[in-house]
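Trainee: I am new to this structure and would like to go through some of its details with you, one question at a time.
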Amino acid sequence: SLRRRGRRIPEEEDDQEQASFSEVDNDHPADKSAGIQSFLSDSSDYPLLPPTSSSSSSTINPRPMMSPSSIRKDESRVRKIITRIISGVIMISLFIGIILSGHVYVCALVFVLEILLFRELVTVRYHCNFDRIEQTIPLFRTTQWMWFFVAIFYTYSEFAVEMIKNNTKLHDLLEYAQLAPMLAFSLYTGTFVLTIATMQTGHIRFQLNQLCWTIVVLCLTVGQLKYIMHNIYNGLIWFTLPILLVITNDIMAYFSGITFGRKFIHRQFIELSPNKTWEGFIGGGIFTLIVGFYLSRFLAKFTWMTCATNQFALFPEKLECEVENIFHEATTFFPSQVFDLCPHALIRLLPNVVEICSVGGNTDNVTACVSGAMDQKHHHYELALSIVPIQFHAISLSLFASLVSPFGGFLASAIKRAYGIKDFDSLIPGHGGLMDRFDCQLIMALGTWVHYNTFVKTTTVSVAKMLYMYKLLGDDERRQFLEKISKA
């Protein structure tokens with residue numbers, strides 16, 4: 001029997017221990033001694049026995065027992081994942097609720113997010129230099145927020161004027177809307193003068209660095225989100241789809257990374273974020289392409305998503321519009337040149353592929369090939385796809401969300417690494433701050449607007465805007481305009 005601190009182990013306990021030891025394979029003495037060693041090392045009442053030597057050369061090392069610290073770390077990881085999932089479900093539910101509430105509330109959400117994002121980013125540097133700022137620089141925080149509201153007013157006053165021009169019911173407000181540039185410039189000059197006036201002789205370099213940081217933060221937040229309001233009113237699909245694509249890429253890159261990370265490619269992906277892997281980056285991109293292709297087709301079924309509007313309605317109403325062609329299902333032919341690069345035997349195995357032949361050697365007379373026809377000769381392969389054109393645009397946006405948007409996250413990682421912080425804030429349990437979750441969304445919103453105006457809506461002229469422009473013409477110009485219109 002075993003002894004510790006002068007206490008004799010009862011025979012019943014001794015028998016139980018011997019029974020547990022006997023579970024080790026008797027054919028391997030090393031396994032048996034290792035089992036005893038593991039049992040005693042995990043016990044808080046018994047000292048660790050010295051390891052016994054093994055005469056067998058083919059010993060099998062048992063799986064090592066997890067230490068208490070490893071168990072706590074594993075439990076903490078599981079708890080964190082559960083917290084992240086719960087917070088994610090709550091955020092997605094709120095997002096869907098706001099989307100269904102109407103365009104005005106979506107714009108309000110964006111405005112609130114911009115305020116919080118700006119606060120998180122400027123606070124990073126503020127906390128690092130709190131003592132110096134408080135003691136030597138007057139009105140530092142005041143001027144920072146003044147620059148923010150100047151940028152917000154200038155950015156969204158342009159959007160408001162554009163919406164007024166496109167809505168004939170709001171044309172009475174145009175005389176006030178025309179004052180927006182002057183008001184924006186007045187705010188700018190006032191903030192500019194106050195900023196220069198508060199500079200201290202011994203801290204000019206420091207204050208200039210702070211001013212540059214404020215401008216960079218404005219570019220990251222207000223600058224990249226300048227056209228997000230346009231995305232919302234061009235059709236909620238141009239706001240919702242890009243956000244969901246980035247979320248999909250983020251989630252699938254995470255799971256691809258923890259599942260396959262560094263199992264195929266051992267090279268480090270990017271130094272700014274050591275935990276990121278090539279497998280996660282590639283896996284996230286593949287899943288994002290698949291989800292984007294089918295999700296865009298699903299969203300295209302709802303006029304709430306596809307219809308553009310210029311109404312500022314506080315209570316949501318059903319949207320009715322002439323749905324654009326990119327949201328209607330159409331038949332598209334896959335480029336036949338691609339099939340020329342593949343073996344014919346492989347192409348014939350693909351579903352819905354039709355072999356087209358020329359009749360009598362005449363390439364102008366082609367038809368579907370008939371087996372055994374002597375006067376037919378292979379011309380090309382044809383594949384007709386029933387697809388909604390928005391799905392092609394979704395592929396482009398998915399590529400952007402997979403290849404470019406993640407670098408917004410890498411920039412956020414660089415900022416956190418530079419200032420020695422783990423998260424920008426603790427606002428969202430399990431996720432950190434808003435910047436930790438929206439770092440990739442900012443450039444995605446800008447990329448969506450560029451894509452829309454380049455490939456979808458090359459012009460934004462409307463009847464309401466033309467009426468507004470007509471009212472700005474003089475009498476002679478109006479007469480000339482009407483003459484041209486009548487001739488057209």
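Mentor: Let us begin with Arg262, which has its place in the loop between α11 and α12 (278–299). Please keep in mind throughout that this is a predicted model.

Trainee: Is Arg262 buried, partly exposed or exposed?

Mentor: The class depends on the relative accessible area, where buried means under 20%, exposed means over 50%, and what falls in between is partly exposed. Arg262 has a relative accessibility of 35%. Because that value lies in the range between the two cut-offs, Arg262 counts as partly exposed.

Trainee: What is the phi of Arg262, which is not a glycine?

Mentor: Although Arg262 is not a glycine, its phi is positive. The value for this loop residue is about 60 degrees.

Trainee: Where is Leu139 found, and what is its relative accessible area?

Mentor: Leu139 is found in the loop between α5 (130–136) and α6 (140–165), and it too has a positive phi, of about 55 degrees, without being a glycine. Leu139 is classed as partly exposed, and its relative accessible area is 45%.

Trainee: Is Asn166 buried or exposed, and which residues is it in contact with beyond its neighbours within four places in sequence?

Mentor: Asn166 lies in the loop between α6 and α7 (174–177). Since its relative accessibility is 16% and the cut-off for buried is under 20%, Asn166 counts as buried. Once the neighbours within four places in sequence are left aside, the residues in contact with Asn166 are Asn310, Ser462, Ala464 and Lys465.

Trainee: Which element gives the most residues to the nonpolar surface patch?

Mentor: The patch covers about 620 Å² and is made by Ile81, Ile85, Val89, Ile251, Tyr254, Phe255 and Ile258. Two or more of these residues come from each of α3 (68–101) and α11, and Ile85, for example, is found in helix α3. The element that gives the most, with four residues, is α11.

Trainee: How many Å does helix α19 reach from its first C-alpha to its last?

Mentor: Helix α19 spans residues 441–456 and has 16 residues. At 1.5 Å a residue the expected reach is 22 Å, and the value in the model is close to that, at 21 Å.

Trainee: Which elements do the buried residues of α19 pack against?

Mentor: The buried residues of α19 include Leu442, Met444, His451, Tyr452 and Val456. The elements that the buried residues of α19 pack against are α4 (103–128), α9 (204–223), α10 (228–233), α11 (237–260), α16 (390–403) and α18 (434–438).

How values were computed. Residues numbered from 1 in each chain as written. Predicted model: local features only at pLDDT ≥ 70, side-chain atom pairs only at ≥ 80, totals over all residues. Heavy atoms only, no water. Expected span 1.5 Å × (residues − 1). Buried < 20%, exposed > 50% of the residue type's maximum accessible area, 1.4 Å probe, protein only. Contact = heavy atoms within 4.5 Å. Patch = residues over 30% accessible without salt bridge, like charges linked within 9 Å, V, L, I, M, F, W, Y side chains within 5 Å. Areas by Shrake-Rupley, 256 points an atom, 1.4 Å probe, with all protein chains shown as cover. Salt bridge = Lys/Arg side-chain N within 4 Å of Asp/Glu carboxyl O.
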